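Open the model in your viewer and keep the sequence panel visible. The stops below say what to select and what is there.

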Amino acid sequence: LHLMDSHAMGPMNEAEATARTHLFNVVVYFTPVLGALLADVLWGKYRTIIALSIVYCLGHGTLAMMGMFGNSQWWLFAGLGLIALGSGGIKPCVSAHVGDQFGAANAHLLPRIFNWFYFSINFGAFISMLLTPWLLEWYGPHWAFGIPGVLMAIATFVFWLGRNRF
């Protein structure tokens, strides 16, 4: 199964796919710098998390649109770019935001909450690495990338519901 449709460039060869995977990883590891700057200079942590979570959701929506119309290569690169910006941009903010919810009275709970926080993130990543290729192969990009996008949208909405407490 190829993510690229035959109307675009055709499937990528292994070397090109590897190079683009590494480029995506570089961008994901660089964008936390942008997220930190946005949070510290312009918007604050909460607004940065909300705004870049929406960007993250749009990236999944873009990937889910691949093959519906237009050039699949454009959808692929635009979606990956949005996901890199969104996911990387919120990385420096979410951990700090979790820690900000604790004061002197409940500081003893910090190790416990961070253990659960990191467990949840890594468990979610583990499950997605199993399910996304399976969904892609059997149901296509609409489901493989749409499901994580919907789940991220729900998480963003739940986070937004707490706006008066944060």
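Begin by selecting arginine 20 and glutamate 16 in helix H1 (residues 14-64): the two are 4 residues apart, so about one helical turn separates them. Helices here are DSSP runs of H or I with at least four residues, strands are runs of E with at least two, and both are numbered from the N terminus. Arginine 20 makes a salt bridge with glutamate 16, and the closest N and O atoms are 2.9 Å apart. The term salt bridge stands for a side-chain nitrogen of Lys or Arg within 4 Å of a carboxyl oxygen of Asp or Glu. Arginine 20 is partly exposed because its relative accessibility is 28%, and glutamate 16 is partly exposed at 22%. Residues count as buried under 20% relative accessible area, exposed over 50% and partly exposed in between, using a 1.4 Å probe and protein chains only.

The model is predicted, so local features need pLDDT of at least 70 and side-chain atom pairs count only at pLDDT 80 or more, while totals for chains, interfaces and linings use all residues. Residues are numbered from 1 along each chain as its sequence is written, and side-chain values use heavy atoms, with hydrogens and water left out.

**The whole chain**

Zoom out and colour by confidence. The mean pLDDT of the chain is 90, and 94% of its residues reach 70 or more; pLDDT is the predictor's confidence in each residue, from 0 to 100. Show the cartoon: the chain has 4 helices and 0 strands, in the order α-α-α-α along the sequence. The C-alpha trace spans about 60 × 30 × 30 Å along its principal axes. Of the 166 residues, 32% are buried. Turn on the surface next. Its accessible area is about 10,600 Å², with 70% belonging to carbon and sulfur atoms; such areas come from the Shrake-Rupley method with a 1.4 Å probe, and for residues only the protein chains shown count as cover.

**From helix H1 to helix H2**

How many salt bridges does a search of the whole structure find? The search finds 2. To see the one not yet visited, select lysine 45 and aspartate 100, whose closest N and O atoms are 2.6 Å apart. This pair links distant parts of the chain, with lysine 45 in helix H1 and aspartate 100 in helix H2, 55 residues apart. Lysine 45 is partly exposed at 28% relative accessibility, and aspartate 100 is partly exposed at 48%.

Keep lysine 45 on screen and add histidine 97, which is in helix H2. Is histidine 97 buried or exposed? Histidine 97 is buried, with a relative accessible area of 9%. Not counting residues up to four places away in sequence, histidine 97 touches Lys45, Tyr46, Ile49, Phe159 and Phe166. Contact means heavy atoms within 4.5 Å.

Now select threonine 31 in helix H1. Threonine 31 is buried, with a relative accessible area of 4%. Leaving aside neighbours within four places in sequence, threonine 31 is in contact with Ala84, Leu85, Gly88 and Gly89.

**Rings**

Show the aromatic side chains. The structure holds 10 aromatic pairs. Select phenylalanine 114 and tyrosine 118: their ring centres are 6.1 Å apart and their planes lie at 25°, so the pair is stacked. Rings of Phe, Tyr and Trp (its six-membered ring) pair if their centres lie within 6.5 Å; planes under 30 degrees apart are stacked, over 60 edge-to-face, and the rest tilted. Both residues lie in helix H3 (residues 110-139), 4 residues apart, about one turn of the helix. Tyrosine 118 is partly exposed, with a relative accessible area of 38%. Add phenylalanine 117, which forms an edge-to-face pair with tyrosine 118, at 5.0 Å centre to centre and 75° between the planes. Phenylalanine 117 is buried, at 18%.

Next select Phe69, Trp74 and Trp75, which ring pairs link into a cluster.

**Charges over rings**

Two stops remain. At tyrosine 29, the charged end of lysine 91 sits over the ring, 5.3 Å from its centre. At tryptophan 160, the charged end of arginine 163 sits over the ring, 3.6 Å from its centre. A charge sits over a ring if NZ of Lys or CZ of Arg is within 6 Å of the ring centre and within 35 degrees of the ring normal.
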